[in-house]
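Me: I've got a protein structure open and a pile of terms I don't quite trust yet. Can I quiz you on them?

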Amino acid sequence: MSEDRIPLAAVLGSPVAHSRSPKLHSYWLNSYGIRGHYIPIDVTPGDLERVIRIMPTMGFVGCNVTIPYKEKVMALADQITDRATLIGAANTLIFRRDGLIMADNTDGYGFIESLRQGAPDWTPGAGMAVVLGAGGAARAVVAALADAGVPQITLTNRTRVRAEKLKDDFGQRIQVADWVQAGNILEDAALVVNTTSLGMTGKAEMRVPLDGLQKGTVVTDLVYQPLQTRLLREAEEAGCTTIDGLGMLLHQAVPCFERWFGTRPAVDAATRAAALQ
Ligand code: NAP
């Protein structure tokens, strides 16, 4: 790529039109005065590899990857970071100047940074974390919590075997509880994280009984459409500290933007507003 080529980045997925990432990265590019563009690309499964192979030759320095390709792109990468390997999925590709493709996963980083920003008094040693769900996002959250030093993580998922698999992969600090017991374990938690799609616009509502939530517990929902889910609303009423899912989305983009465009962007109120436009 010639030096004066304008760097390009993208989010690949299908569907991808709803993604907030183009607004977010375009806002950062504009506010830092960086020449560059970030676009959504809707790719069919059959075209995925061809599209990724051609992108570097067109000036792309990297891309984000979203549903349903986060696992599939791992096979196309020449190098995979340890955290992406551990999670078993990548949300970021970096097209290196030497032609190699590097795969990374910044979801766990985004989750922890959002938690630190939204609940500055929370520390990993504060106590047990309850994680609802055991899908792809849960893997990133559990990896990040274990890495941060949370002493005990209780996982509960509708399909128990998926939670058991996570326990096998992430080790001793994890215990699995039955989904029907989810409401009963909340009162002992210092942190509660919803990683299921329950409560998301167009999906089923969260039906876990929430009356066990205790004042002072930190409660975070990965769902960000709507921003205030039933979980967050009831947690707020119970006196919990609540953090919505947009924070994770914004923070996971920070290392990507820095890697592609060379500037580490800030996540502040203006960034949130730009992503919500
Ligand atoms: P996924 O791999 O498909 O996992 C979905 C999870 O939701 C599974 O644990 C699944 O349980 C559970 N679930 C779905 N329907 C359910 C129901 N009716 N009752 C009980 N549990 C149900 O999806 P994902 O990639 O992990 O994403 C999960 C959510 O996180 C989505 O809403 C996504 O938008 C959000 N997310 C947000 C961010 C962010 O930056 N804020 C990042 C990533 C993901 P089973 O295993 O039993 O099916």
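Me: How do the residues lining the largest cavity divide into nonpolar, polar and charged?

Reply: Keep in mind that this is a predicted model. The lining of the largest cavity divides into four nonpolar, three polar and two charged residues. The residues that line it are Phe111, Ser114, Thr220, Asp221, Leu222, Ile243, Asp244, Gly245 and Met248. Asp counts as charged, so Asp221 and Asp244 belong in that class.

Me: Which elements give two or more residues to that lining?

Reply: They are α4 (107–118) and β11 (218–221).

Me: What makes that space a cavity, and how much space lies in it?

Reply: A cavity is a set of points where a 1.4 Å probe fits but cannot get out. About 40 Å³ of space lies in the largest cavity. With 30 Å³ or more as the cut-off, the structure holds one cavity.

Me: Where does the ligand sit, then?

Reply: The space taken by the ligand is the largest pocket. A pocket is an open set of points, so it goes by a separate name from a cavity. The largest pocket has a volume of about 1,400 Å³. It is lined by 45 residues, and Ile67, Lys70, Ala137, Thr195 and Ser197 lie nearest its centre. Two or more lining residues come from each of β3 (60–65), α5 and α9. By class, the lining divides into 20 nonpolar, 18 polar and seven charged.

Me: Which residues around the ligand are the closest?

Reply: The closest are Ala137, Asn157, Thr159, Arg162 and Gly245, out of 21 residues that surround the ligand. That shell divides into 10 nonpolar, nine polar and two charged residues.

Me: Why is the pair between threonine 159 and the ligand called a polar contact?

Reply: Set the distance against the cut-off. An oxygen atom of the ligand is 2.5 Å from an N or O atom in the side chain of threonine 159. A polar contact is a pair of N or O atoms within 3.5 Å, so this pair counts. At leucine 222, a polar backbone atom is 3.0 Å from a nitrogen atom of the ligand. For leucine 249, a polar backbone atom is 3.3 Å from an oxygen atom of the ligand.

Me: How much of the ligand does the protein cover?

Reply: The protein covers 78% of the 920 Å² of accessible area that the ligand has on its own. The elements giving two or more residues to the shell are α5 (136–148) and α9 (246–261).

Me: What makes the bond from serine 14 to proline 15 cis?

Reply: Look at omega: it is near 0 degrees for that peptide bond, and the bond is cis. Proline 15 is in the loop between β1 (8–13) and α1 (21–31). Isoleucine 67 and proline 68 are also joined by a cis peptide bond, with omega about 5 degrees. Proline 68 is in the loop between β3 and β4 (79–80). For background, most peptide bonds are trans.

Note on methods:
Residues numbered from 1 in each chain as written. Predicted model: local features only at pLDDT ≥ 70, side-chain atom pairs only at ≥ 80, totals over all residues. Heavy atoms only, no water. Near = heavy atom within 4 Å. Polar contact = N/O pair within 3.5 Å; in protein donor to acceptor, adjacent residues only side chain to side chain. Areas by Shrake-Rupley, 256 points an atom, 1.4 Å probe, with all protein chains shown as cover. 1 Å grid on protein atoms, 1.4 Å probe; cavity = no way out; pocket = protein on both sides within 12 Å on 5 of 7 lines; lining within 4 Å. Sits in = over half its atoms within 2 Å of the grid points. Helix = DSSP H or I, 4+ residues; strand = E, 2+ residues; numbered from the N terminus. Points joined across faces, edges and corners; volume = space filled by probe spheres on them.
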